[in-house]
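I open this notebook to record what I looked up, one item at a time. The entries follow the order in which I went through the topics.

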Amino acid sequence: MSSANTSSASMTDSLHFPFIGRMPALSPLIAAVAILVTSIGVRFMLSNRSQVPIALSDNIASRNKRIDQYRFDSRRVLTEGYTQFKNQIFGLDTSEGIIMVLPTHFIDELKSHAALSFGATFDTLTLPEYTRIHAATPVILKLFIGKFNPSLGAFMPDMQTMIQTELLAALPKDNNWKSVKIYHILFHLVCKSAARSLLGEAAAENPRWLQVQTDYIGTAISYVQALKKWPKALRPFVYRYVEGYSTLRKQWNEGRAIVADFLARKKANNWEPLQQPPSFFDIVASTYRDMSVDEHLSLQVTFFVAGVHTSAATLTQALFDAAVNASCIAQVREEVQQLHASCGGVIRREHLSQLPKLDSFIKEVLRFSSPDLATFVRKSSQDVTLSNGFHIPSGTTLEVATGAIAMDPEVFDHPKIFDGLRFWKKRQLENESVKHQFTSVSPRDLEWGYGRHACPGRYMAEVAIKLVMIQILLRFELKNPEGIARHESFNFDGQTMPNTEADILMRDINA
Ligand code: HEM
């Protein structure tokens, strides 16, 4: 059964952002962190704003009010701009300046353009010279894609055991319905499995590492907001005195001590892997033996920011959708049960492609609730001229309105209907069987971005999300509390986050 799903909600002051442990529940800092976390998408200045029509400018005369609209109801602003200026380039007023939104027919000619940088947009947000959170370099990305991604399957048996154990400990143990704040459980699971494959088994079992990773991003973004209030030229003189600096240093040093221990063991082990399969740290350290502890820590933080919050948010959205789509989820569950029985309970990488209904379901989740409302975010380092003669000045930020495209009736039939089997049905058509997959990237599948910077972590996200979904569907039933519709999301500053404090009801069907 399909159900109407309207996940567009305006963000309220009470945005909760989910951190394990002792983070405060409500705070501007948390909102700021959320902006980075799912963000990898970043914002910047367009020098020649008169070139393009600006979204909402017909209805809202004040630029500041348009900025506020974007900040607190990004989905609506992007959708209105996209609908009004269909197939044209338009601008968005944001707190970081004007962003130029491109129709998708330009992305193929731009996808490998040397003057369009992804890293520059990331660095604008993180101020790496002060926080040490850098975009990954091409050589590191090459190692991640070429060496780490192919080893993902080898992590699966241990990850399955870990997920099973943690879920059974955290979720209801009998068949009475119990209320569960699922986000926090999922965040912790994603965090642990990421720590295991990115740094190592010992890191996944070290609560200090998980906490420091989580806390550091929060402190850094809050610190960046404070530092950005100072003119650029003064920042090298004031950065030590800006609020948050000493906490940032303390957390960095704590993370540093943990990574230093890994590096010392690696050297003592003659640069051989510290575990099988080798972690990403193992791979990087063996290849670049002169990399410092700080460089390793910086990499760990970057991949954590890029991968953990996005995957945990997507998993949470999947369970929120599962809770209100009983008949569709029954079909997905049946598929999972059959596979589980046929493979003797051990799910390997090749089995994931034998779950097309589960794949379709989570892809539909991403269509509705992708963490990034806009993707293919790039900053031009030189003037660029498009094939239609349109001139993009150097320093312009570009993006595509992924969340709005996902709701375009010319792209998807009945786009506002959540149909968990939508992509499975598409794959039944002739010559379509390998398209429309969760990890597909194309001008119609933009949730992972596009081109040379398309998300390299999407296979890692797929493994974590599918393994957790499989374990939950095998063991638990879920639904929303009586009278509660699908939990709404917060759409702010180009990002979507689930309500991290929302409850779903769960019960153990095997008890
Ligand atoms: C559901 C989970 C995830 C979503 C929705 C997501 C989404 C994205 C998007 C939209 C981009 C920008 C691509 C572009 O603009 O073309 C991106 C980039 C990136 N993602 Fe992911 N991501 C997820 C999980 C992960 C994971 C698990 C990792 C690894 C731990 C990861 C690592 C990265 C990195 C390193 C980049 C930057 C790539 C570059 O610099 O070229 N992501 N992601």
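Strand pairing. Before counting bridges I fixed the term: two strands pair if DSSP finds at least two bridges between them. The model I am reading is predicted. I then looked up β5 and strand β14 (residues 503-508), and found that four bridges join them and that they run antiparallel. For a single position I took Val180, whose bridge partner in β14 is Ile504.

The sheet. I next looked up the sheet that holds these strands. It is an open sheet of three strands in the order β5-β14-β11, and the pairing is antiparallel. Which strands stand at the edges? They are β5 (178-181) and β11 (476-479); each has a single partner strand, so one side of each is left without a neighbour in the sheet. From one strand to the next, I noted an average twist of 40°.

The ligand shell. I listed the residues that surround the ligand and got 27, the closest being Gly307, Arg378, Tyr450, His453 and Cys455. By class, I counted 16 nonpolar, eight polar and three charged residues in the shell. Which element gives the most to the shell? I found that α15 does, with six residues. The elements that each supply at least two shell residues are α7 (138-148), α15 (293-322), β6 (375-380) and α21 (458-475).

Polar contacts of the ligand. I went through three contacts to oxygen atoms of the ligand.
- For His453, I noted a polar side-chain atom 2.6 Å from a ligand oxygen.
- For Arg378, a polar side-chain atom also lies at 2.8 Å from an oxygen atom of the ligand.
- For Tyr450, the atom I recorded is a polar backbone atom, and its distance to a ligand oxygen is 3.0 Å.

The iron. Which residue is the protein donor of the iron atom of the ligand? Cys455 is the only one, through SG at 2.3 Å. I also looked up where Cys455 sits in the chain, and found it in the loop between α20 (422-427) and α21.

Salt bridges. How many salt bridges does the structure hold? I recorded 29. One that I looked at is between Asp158 and Arg196, where the closest N and O atoms are 3.5 Å apart. This pair links distant parts of the chain: Asp158 is in helix α8 (residues 152-170) and Arg196 in helix α9 (residues 182-198), with the two positions 38 residues apart in numbering.

Note on methods
Residues are numbered from 1 along each chain as its sequence is written. This is a predicted model: local features need pLDDT of at least 70, side-chain atom pairs count only at pLDDT 80 or more; totals for chains, interfaces and linings use all residues. Side-chain values use heavy atoms; hydrogens and water are left out. A residue is near a molecule or strand if one of its heavy atoms lies within 4 Å of it. A polar contact is a pair of N or O atoms within 3.5 Å; within protein, one must be able to donate a hydrogen and the other to accept it, and residues adjacent in sequence count only if both atoms are side-chain atoms. Ala, Val, Leu, Ile, Met, Phe, Trp, Tyr, Cys and Pro count as nonpolar, Asp, Glu, Lys and Arg as charged, and the others, Gly among them, as polar. Donors are N, O and S atoms within 2.8 Å of the metal (3.2 Å for Na, K and Ca); water is not among the atoms, so sites may look incomplete. Axes are lines fitted to C-alpha atoms, for helices over the stretch in contact, and angles run from 0 to 180 degrees between N-to-C directions. A salt bridge is a side-chain nitrogen of Lys or Arg within 4 Å of a carboxyl oxygen of Asp or Glu.
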